[in-house]
Amino acid sequence: MEVYLVRHTETVCEKGICYGQSDVEILEPYDTVFQSVLNQLPKDAKLYSSPLRRCVALARYIKDNLEIDTMHQDSRLLEMNFGDWEMKNWDVIEPEDLNPWMSDFVNVRVPNGESFTDLHLRVSDFVQNELQTIHSKPIIIVAHAGVIRSFLCKISDLPLKDAFQNKVDFGAVIKIEL
């Protein structure tokens with residue numbers, strides 16, 4: 001089964017802002033980038049998206065232009081919840097909070113948020129319950145860098161601590177075979 005992992009395009013957030021599950025807009029104009037993504041995708045696919053608008057906007061474009069009947073929004077595809085750090089500049093997060101997480105982002109939860117393991121459990125549940133059945137159509141998943149890195153760790157047996165070895169740019173399309 002072909003699976004296309006698609007990262008949303010660039011957001012309006014300034015560099016250095018932590019915006020995990022904050023529902024931020026994408027940077028305009030985005031038509032050229034959306035078309036570039038579209039050119040890498042198959043027609044007649046099953047489409048999933050994170051419910052955050054930065055993913056939904058791209059997923060709707062894909063749905064409308066590839067004539068896909070339905071877009072399935074799934075909260076298991078949300079980016080990591082950065083809790084108290086949402087919409088803060090990384091530079092203003094107190095070192096006593098940030099340093100333990102930076103040393104072990106896999107296991108240490110952000111205050112009132114998640115660890116990477118928490119995100120990975122959500123993604124694994126999605127893979128197990130949505131993708132383990134046989135699909136006759138390719139799958140397109142529009143999501144976030146953390147979700148895509150988690151997905152790549154799962155299918156390649158890469159330890160979570162090495163998730164950032166997977167480079168996932170804005171608007172990236174990563175094709176994998178399951």
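Here a colleague asks a modeller how some labels in this predicted model were decided.

Colleague: Let's begin with the cysteines. How many disulfides does the model have, and how do you know that?

Modeller: The count is 0 disulfides. A disulfide needs two cysteine sulfur atoms within 2.5 Å. For Cys13, the nearest cysteine sulfur belongs to Cys18 and is 9.6 Å away, so Cys13 is in no disulfide. For Cys18, the nearest cysteine sulfur is that of Cys13, at 9.6 Å, so Cys18 is in no disulfide either.

Colleague: Why is Cys13 called buried or exposed?

Modeller: Buried means a relative accessible area under 20%. Cys13 has 15%, so Cys13 is buried. The value for Cys18 is 1%, so Cys18 counts as buried as well.

Colleague: Now the helices. What makes α1 and α2 oblique to each other?

Modeller: Two packed helices are described by the angle between their axes and the distance between the axes. Helix α1 covers residues 31-38 and helix α2 covers residues 53-65; their angle is about 60° and their axes are 10 Å apart. An angle from 65 to 115 degrees would count as roughly perpendicular, and one under 35 degrees as roughly parallel. About 60° falls in neither range, so α1 and α2 are oblique. The crossing of α1 past α2 is right-handed.

Colleague: Which residues of α1 and α2 meet there?

Modeller: From α1 come Asp31, Phe34, Gln35, Val37 and Leu38, and from α2 come Ala57, Leu58, Tyr61, Ile62 and Asn65. Sorted by class, this contact has 7 nonpolar, 2 polar and 1 charged residues.

Colleague: And why are α4 and α5 called roughly perpendicular?

Modeller: Helix α4 (residues 116-131) and helix α5 (residues 145-156) pack at about 65°, with axes 9 Å apart. The range for roughly perpendicular is 65 to 115 degrees, so α4 and α5 get that label. Here too there is a right-handed crossing, of α4 past α5.

Colleague: What does α4 bring to its meeting with α5?

Modeller: The α4 residues are Phe116, Leu119, His120, Val123, Ser124, Val127 and Leu131. On the α5 side they meet Gly146, Val147, Arg149, Ser150, Phe151 and Lys154. By class, the contact has 7 nonpolar, 4 polar and 2 charged residues.

Colleague: Let's turn to the backbone. What sort of peptide bond joins Glu28 and Pro29?

Modeller: Glu28 and Pro29 are joined by a cis peptide bond, with omega at about -5°. Pro29 sits in the loop between β2 (17-18) and α1. As general background, most peptide bonds are trans.

Colleague: What is noted about the phi of Asp44?

Modeller: Phi of Asp44 is near 55°, a positive value in a residue other than glycine. Most residues other than glycine have a negative phi. You can find Asp44 in the loop between α1 and β3 (46-49). Met87 is also not a glycine and has a positive phi, about 65°. Met87 lies in the loop between β4 (71-73) and β5 (88-89).

Colleague: Why are Asp44 and Met87 called partly exposed?

Modeller: Partly exposed lies between the 20% limit for buried and the 50% limit for exposed. Asp44 has 47% relative accessibility, so Asp44 is partly exposed. Met87 has 43%, so the label for Met87 is partly exposed too.

Colleague: How do you know whether Phe82 is buried or exposed?

Modeller: The relative accessible area of Phe82 is 10%, which is under 20%, so Phe82 is buried. Phe82 is in the loop between β4 and β5. Not counting residues up to four places away in sequence, Phe82 touches Cys18, Gly20, Trp90, Trp101, Val110, Pro111 and Gly113.

Colleague: And what makes Leu98 buried?

Modeller: Leu98 has 14% relative accessibility, again under the 20% limit, so Leu98 counts as buried. Leu98 belongs to helix α3 (residues 95-103). Leaving aside neighbours within four places in sequence, Leu98 is in contact with Trp85, Trp90 and Ile93. The C-alpha atoms of Leu98 and Val110 are 8.2 Å apart, and the two residues are 12 residues apart along the chain.

Terms used. Residues are numbered from 1 along each chain as its sequence is written. This is a predicted model: local features need pLDDT of at least 70, side-chain atom pairs count only at pLDDT 80 or more; totals for chains, interfaces and linings use all residues. Side-chain values use heavy atoms; hydrogens and water are left out. Buried means under 20% relative accessible area, exposed over 50%, partly exposed in between (1.4 Å probe, protein chains only). Axes are lines fitted to C-alpha atoms, for helices over the stretch in contact, and angles run from 0 to 180 degrees between N-to-C directions. Helices (H or I, at least four residues) and strands (E, at least two) are DSSP runs, numbered from the N terminus. Angles under 35 degrees count as roughly parallel, over 145 as roughly antiparallel, 65 to 115 as roughly perpendicular and the rest as oblique. A crossing is left-handed if the near helix is turned anticlockwise from the far one by less than a right angle, and right-handed if clockwise. Contact means heavy atoms within 4.5 Å. Ala, Val, Leu, Ile, Met, Phe, Trp, Tyr, Cys and Pro count as nonpolar, Asp, Glu, Lys and Arg as charged, and the others, Gly among them, as polar.
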